Amino acid sequence: MKSKSSGTEWVTNYKITQLQNYKFLFREQTLKPEFRIGYGWDSHEFKPGIPLKIGGLTLPHDQGLGGHSDGDVLLHAITDALLGAIAGPDIGSLFPPSDAQWKNADSSLFLQEALQRVKSAGYELLNLDSTLILSAPKIGPHAGAIRKHVAELCGIPADCVGIKAKTPEGMGTENAAIANVVVLLKRAGLKNTEDLDDVLTAIGTQRV
Ligand code: MG
């Protein structure tokens, strides 16, 4: 490993072979903020003839949410909140609607990419909270199932996932579903060489 060459430039192609390199990486990780928050927002329009996907589940309803992918407004907002927490590119930059490969894509793919980027940045998700705004269907009867599924997708306990819903009274957005999400990340500890590889990747991504 080579050392810092200036205040902002790092040489990235180093091997971890010496104790001092582990110490260097440990110091890099512990110098990061211990917590980071992220916020995500998304909206999709209701359209007939397509399934309604929210939080990775298909809910019974006579309309679904349109979009280039499966239109899962909640998973999109969670994805953007995670990316925002690490100051990453947003979901539209990573998965542009102009790219045919994301046509009808399962939005859990977007979420997994964001979670991988969080890990690579040296952080882990502690909890998330969400508020959906839609006139129908009622989310209450499905909130428990959505909470459980989102928690599984994110690899966190179900009691670390908030699922709330409101109706759009006075907003004039009855034909849309809106999702607001906040996430809290905690700095990850260095536990094994795989983590060290992730930190190396993060350093290379952020400093060069
Ligand atoms: Mg979206």
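1. Start just past helix α2, at A87, which follows that helix and has a positive phi, near 55 degrees. Keep in mind as you look that this is a predicted model. A87 sits in the loop between α2 and α3, the latter covering 91-94. Its phi is worth a glance since the positive value turns up in a residue other than glycine. Buried or exposed, then, is A87? It counts as exposed, because 10 other C-beta atoms lie within 10 Å, and the cut-off for exposed is 12 or fewer.

2. Now step back into α2 itself, residues 73-85. How far apart should the ends of this helix be? Its 13 residues, at 1.5 Å a residue, should span 18 Å, and the end C-alpha atoms are indeed 18 Å apart, so expectation and model agree. As for its surroundings, 13 of the 13 residues of α2 are buried, which means the helix is largely enclosed by the rest of the structure.

3. N104 is another residue other than glycine with a positive phi, in this case near 60 degrees. You'll find N104 in the loop between α3 and α4, where α4 runs over 108-120. N104 counts as exposed because it has 10 C-beta neighbours inside 10 Å.

4. Have a look at the peptide bond joining A136 and P137 too: it is cis, with omega at about 0 degrees. P137 belongs to the loop between β5 (123-133) and α5 (140-154).

5. Helix α5 holds C154. This cysteine is buried, because 22 C-beta neighbours fall inside 10 Å and 20 or more is what it takes. Which residues does C154 touch, leaving aside its neighbours within four places in sequence? The contacts are L115, L125 and L128. Take L125: it is 29 residues from C154 along the chain, yet their C-alpha atoms are separated by 7.8 Å.

6. Finally, the overall picture. The protein chain has 6 helices and 7 strands, and reading along the sequence gives the pattern α-β-β-β-β-α-α-α-β-α-β-β-α. Of its 208 residues, 33% are buried. Among contacts between residues at least 6 apart in sequence, 74% join residues at least 24 apart. The pair C154 and L125, 29 residues apart, is handy to keep on screen while you think about that.

Note on methods
Residues numbered from 1 in each chain as written. Predicted model: local features only at pLDDT ≥ 70, side-chain atom pairs only at ≥ 80, totals over all residues. Helix = DSSP H or I, 4+ residues; strand = E, 2+ residues; numbered from the N terminus. Expected span 1.5 Å × (residues − 1). Contact = placed C-beta atoms within 7 Å.
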